[in-house]
Amino acid sequence: MAKLNFGGVEENVVTREEFPLSKARQVLSNETVAVIGYGVQGPGQALNQKDNGINVIVGQRRNSKSWDKAVKDGFVPGETLFDIEEALQKGTIICYLLSDAAQIQLWPTVKKHLTPGKALYFSHGFGITYSDQTGIIPPPDVDVFLVAPKGSGTSLRRMFLQGRGLNSSYAIFQDATGRAFERVIALGIAVGSGYLFETDFRKEVYSDLTGERGTLMGAIQGIFAAQYEVLRSKGHTPSEAFNETVEELTQSLMPLVAENGMDWMYANCSTTAQRGALDWWKRFRDATLPVFNELYESVATGKEAAKSIESNSKPDYRDKLEEELKELRESEIWQAGKTVRSLRPENQEPVAPGSAGDNFEKKLQKVKFSSPLYRD
Ligand SMILES: NC(=O)c1ccc[n+]([C@@H]2O[C@H](COP(=O)([O-])OP(=O)(O)OC[C@H]3O[C@@H](n4cnc5c(N)ncnc54)[C@H](OP(=O)(O)O)[C@@H]3O)[C@@H](O)[C@H]2O)c1
């Protein structure tokens, strides 16, 4: 296993060079990998394994769009596509890829088929970490591990087809056979991972829940909403408030941050933007730090898990969710965003110079060149 240096801290990472596909095939040669669930992760992981020459079957409930999708993707009913229970019986490695709520519901059925020596595989630490709430407690004589791709099943498949890999984390919760490590790494490679970072179930789920509630989705929307509200209350138009809050970030800055890092961005923007950003970022950090600590605490104590299990299992869950999503969809900021997006050059018909569309072009140029990346 390679030790790589991440900002001064050494971590264990498994690479495709040290654990090539040929080795993964050899480790899994006597296994039947049953992918249970054909939602988002299911298709990506099952198809990549199939194309990598692994003996993979799919377990999916019938009379469902997901069943039809599996058939369309080449899984053959009765040969490589089965009802969930039949696949559980045939599989020696059970990839449990139902939605987290369905995993709780189906657990008694899954448990019945976990005979000694089999392996139970997850792509999230949720079910095991919060076992006091999910009831997911595997028998002691099976291996239990996870591979969590750092992206959706769609990206996993797309990047595989492009000949690239998506990085994943892996963790072992229980090694009953003494083969858990080679099994989990072989699966990680077979599902199309590039690098595999070591973690444990608890850390995987704590960081994942914190991230999605924090900077990935919750915090970022909160900061967008606050800045937009201030600009609007001070008389700025919706388009101006949106451009300065979201559009420039997603269109111009984030692709550069993704490529080169925020340190590079700070070093390569206008001096005005640079001075302001250097003066203000620590104030934002200090203002949000207590909220992030509260968030982590809520994740670590299981409060977030309880909320999500409770709300997802309510019969009117979909209706309530739709109400909340409607509020966001119909908010002025995202309505303004819809119009701004439609004005992006790639969404416009080409306009002949001197035609009525000329003003429009000038406005677009203004949006483009007001970016702090262009020196004042
Ligand atoms: N999505 C991601 O980006 C991502 C990334 C990394 C890890 N993960 C993890 O991967 C796992 C799978 O996630 P996912 O997003 O792929 O899940 P998903 O799309 O929500 O999974 C849906 C699957 O669960 C089945 N299902 C739902 N309710 C069911 C029930 N009551 N009985 C039987 N089957 C039921 C669905 O069948 P029907 O279509 O018939 O309803 C479908 O096969 C989760 O642990 C998740 O946390 C997800």
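The following legends describe close-up views of a predicted model.

**View 1. The sheet as a whole is open and has 10 strands.** The strands follow the order β1-β2-β10-β9-β8-β7-β6-β3-β4-β5, and their pairing is mixed. The edges are formed by β1 (2-6) and β5 (81-82), each of which pairs on one side only. The next views follow part of this order, from β3 to β9.

**View 2. Strand β6 (residues 93-96) has buried side chains on both faces.** In a regular strand the side chains alternate between the two faces of the sheet. In β6, I93 and C95 point one way, whereas I94 and Y96 point the other way. All four of these residues are buried. For C95 the relative accessible area is 0%.

**View 3. Strand β6 is joined to β3 and to β7.** Four bridges connect β6 with strand β3 (residues 33-36), and the two run parallel. Across this pairing, A34 stands opposite I94, and V35 stands opposite C95. Three bridges connect β6 with strand β7 (residues 119-122), again in parallel. Here C95 stands opposite Y121 of β7. C95 therefore has V35 opposite it in the pairing with β3 and Y121 opposite it in the pairing with β7.

**View 4. A helix links two of these parallel strands in a right-handed unit.** The unit is of the β-α-β kind and consists of β6, helix α5 (residues 100-112) and β7. Helix α5 also appears in the view of the ligand, where it gives five residues to the surrounding shell.

**View 5. Strand β8 (residues 143-149) is enclosed.** Seven of the seven residues of β8 are buried, so this strand is largely enclosed by the rest of the structure. D143, F145, V147 and P149 point one way from β8, while V144, L146 and A148 point the other way.

**View 6. Strand β8 pairs with β7 and with β9 in opposite senses, parallel and antiparallel.** Between β7 and β8 there are four bridges, and these strands run parallel. In this pairing, F122 has L146 of β8 as its bridge partner. Between β8 and strand β9 (residues 166-174) there are six bridges, and these strands run antiparallel. In this second pairing, the bridge partner of A148 is S169 of β9.

**View 7. The ligand is surrounded by 23 residues.** Those that come nearest are Q41, Q60, S64, S66 and D100. Among the elements of the structure, α5 gives the most to the shell, with five residues. Oxygen atoms of the ligand take part in several polar contacts. One oxygen atom is 2.4 Å from an N or O atom in the side chain of S66. An oxygen atom of the ligand is also 2.7 Å from an N or O atom in the side chain of D100. For V40 the contact is with a polar backbone atom, at 3.1 Å from a ligand oxygen atom. The ligand taken alone exposes 900 Å², of which the protein buries 75%.

**View 8. Two cysteines are buried in a structure without disulfides.** C95 is buried, with a relative accessible area of 0%, and C269 is buried as well, with 4%. A disulfide is a covalent bond between the sulfur atoms of two cysteines. With a cut-off of 2.5 Å between cysteine sulfur atoms, the count of disulfides is zero.

Note on methods: Residues are numbered from 1 along each chain as its sequence is written. This is a predicted model: local features need pLDDT of at least 70, side-chain atom pairs count only at pLDDT 80 or more; totals for chains, interfaces and linings use all residues. Side-chain values use heavy atoms; hydrogens and water are left out. Buried means under 20% relative accessible area, exposed over 50%, partly exposed in between (1.4 Å probe, protein chains only). Two strands pair if DSSP finds at least two bridges between them. A crossover is right-handed if, with the strands pointing away from the viewer, the path from the first strand over the helix to the second runs clockwise. A residue is near a molecule or strand if one of its heavy atoms lies within 4 Å of it. A polar contact is a pair of N or O atoms within 3.5 Å; within protein, one must be able to donate a hydrogen and the other to accept it, and residues adjacent in sequence count only if both atoms are side-chain atoms. Accessible areas come from the Shrake-Rupley method with a 1.4 Å probe; for residues, only the protein chains shown count as cover.
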